[in-house]
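Take a moment to look over the chain below. Then follow the text from one part of it to the next.

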Amino acid sequence: MSTHARQAVSADRIDSWLPQTQCTQCGYPRCRAYAEAIAHGEAGINQCPPGGEVTLVALAELLDASHEPLDPRFGIHKPRARAVIDEAVCIGCRKCLDVCPVDAIVGARKLMHTVIARECNGCELCLPPCPVDCIAMVPNFTGHARSASGLPPSPACGRRDGGVADVRWTSAPLSGCASCSRTPAGINEGEGAHSGEPWPEYARAETNHWRTRTERRLERLAKHKRMRRNKSPDGDTAMTEPALPLPTDRERIRAEIRAAVDRVKRKRRSAGRNTH
């Protein structure tokens, strides 16, 4: 498909077929940036592992392009999971809070952090920065459908019974999707076929919610950045907004983390001796 023809399809419509995990596996900082790159012919349609076959088929039809398999350089499609923090090991470094694209983690410096399960999109961005490896991804089994390959169900549609519905392959119109008029042919719609639920692992309401949370987070970060720059001539922060503390010294942070890790190790060794 030519770049001019792609640009006739808005980034909004492309973005509506991305699962909004904001995982960056596609090579872009968030789903919206990837959608804009596709619209401008700067990225392929096969770079979204979380979207899987649903997104591949949808984008191919939307852009009148040939179907392409998922490019393995960007990862593989995996069953949906969510992050869980081992709160006994967490040292409160805040590094996971800083990278979560949907603000699904709560906590404060030097205090325990925890994941809000219903908000976690499974992006895995919190794993690499954790200095004590206290975060793990666990399967999310409370969902609304399963994929054609028989993957376990995942949360969506508010169901809490873990039920698994039959898979239907359909091109029937969607009644609940404001972003598009119909579902591309061949898309596995699972249990939500008549309420606008295209993905086996994700509900449309969830993806819209994650998009909104990401946009609000970016707006908040931009506001904080403006506040730090908005200083009066004498160096004081403008009185209209409270100032955020300036970034602390990196070496001091590293030293605090090393000390916290040592404390955790000593506690574990002490607990091991006590059990014997």
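## A walk through the model

Thr24 is partly exposed, because its relative accessible area is 34%. This value, like the others here, comes from a predicted model. Thr24 sits in the loop that runs between H2 and helix H3 (31-39). Its backbone has a feature to look for: phi is positive, about 70°, although Thr24 is not a glycine.

Move along to helix H4, residues 52-62. How many of its 11 residues are buried? The count is nine, so H4 is mostly covered, given that buried means under 20% relative accessible area. The buried set is Gly52, Val54, Thr55, Leu56, Val57, Ala58, Leu59, Ala60 and Leu62. After H4 comes Asp64, which has a positive phi near 55°.

Glu53 also belongs to helix H4. Is Glu53 buried or partly exposed? Glu53 counts as partly exposed because its relative accessible area is 41%. The side chain of Glu53 makes a polar contact of 2.9 Å with the side chain of His67. Glu68 is 15 residues from Glu53 along the chain, and their C-alpha atoms are 9.6 Å apart.

Next, find His113. It lies in the loop between strand E2 (105-106) and strand E3 (114-115). His113 counts as buried because its relative accessibility is 1%. What does its side chain reach at 3.1 Å? The partner is the backbone oxygen of Leu111. A polar atom of the His113 side chain also lies 3.2 Å from the backbone nitrogen of Arg94. Leave aside residues up to four places away in sequence, and His113 still touches many others. Among them are Ile85, Glu87, Cys90, Gly92, Cys93 and Cys96. Leu97, Ile105, Val106, Gly107 and Ala108 are also on the list.

Now turn to the cysteines. How many disulfides does the structure hold? The number is zero. Take Cys120, which is in no disulfide: the nearest cysteine sulfur belongs to Cys126 and is 6.5 Å away. Cys120 is buried, because its relative accessibility is 7%. Cys134 is in no disulfide either, and the nearest cysteine sulfur, that of Cys130, is 3.7 Å away. Why does that pair not count? A disulfide needs two cysteine sulfur atoms within 2.5 Å, so 3.7 Å does not qualify. Cys134 is buried as well, because its relative accessible area is 8%.

Beside Cys134 in the numbering is Asp133. Asp133 lies in the loop between E3 and strand E4 (135-139). Is Asp133 buried or exposed? Asp133 is exposed, because its relative accessible area is 64%. Asp133 has a positive phi of about 50°, although it is not a glycine.

Finish with helix H6, residues 204-229. H6 has 26 residues. From first C-alpha to last, H6 reaches 38 Å, close to the 38 Å expected at 1.5 Å a residue. Which residues of H6 are buried? They are Arg204, Glu206, Thr207, Trp210, Arg211, Arg213, Thr214, Arg217, His224 and Met227. An α-helix has 3.6 residues a turn, so residues three or four places apart point the same way. Keep that in mind when you trace the buried positions of H6, which include Thr207, Trp210 and Thr214. What covers the buried residues of H6? The cover includes helix H2 (11-15) and helix H5 (95-99).

Conventions:
Residues numbered from 1 in each chain as written. Predicted model: local features only at pLDDT ≥ 70, side-chain atom pairs only at ≥ 80, totals over all residues. Heavy atoms only, no water. Helix = DSSP H or I, 4+ residues; strand = E, 2+ residues; numbered from the N terminus. Buried < 20%, exposed > 50% of the residue type's maximum accessible area, 1.4 Å probe, protein only. Polar contact = N/O pair within 3.5 Å; in protein donor to acceptor, adjacent residues only side chain to side chain. Contact = heavy atoms within 4.5 Å. Expected span 1.5 Å × (residues − 1).
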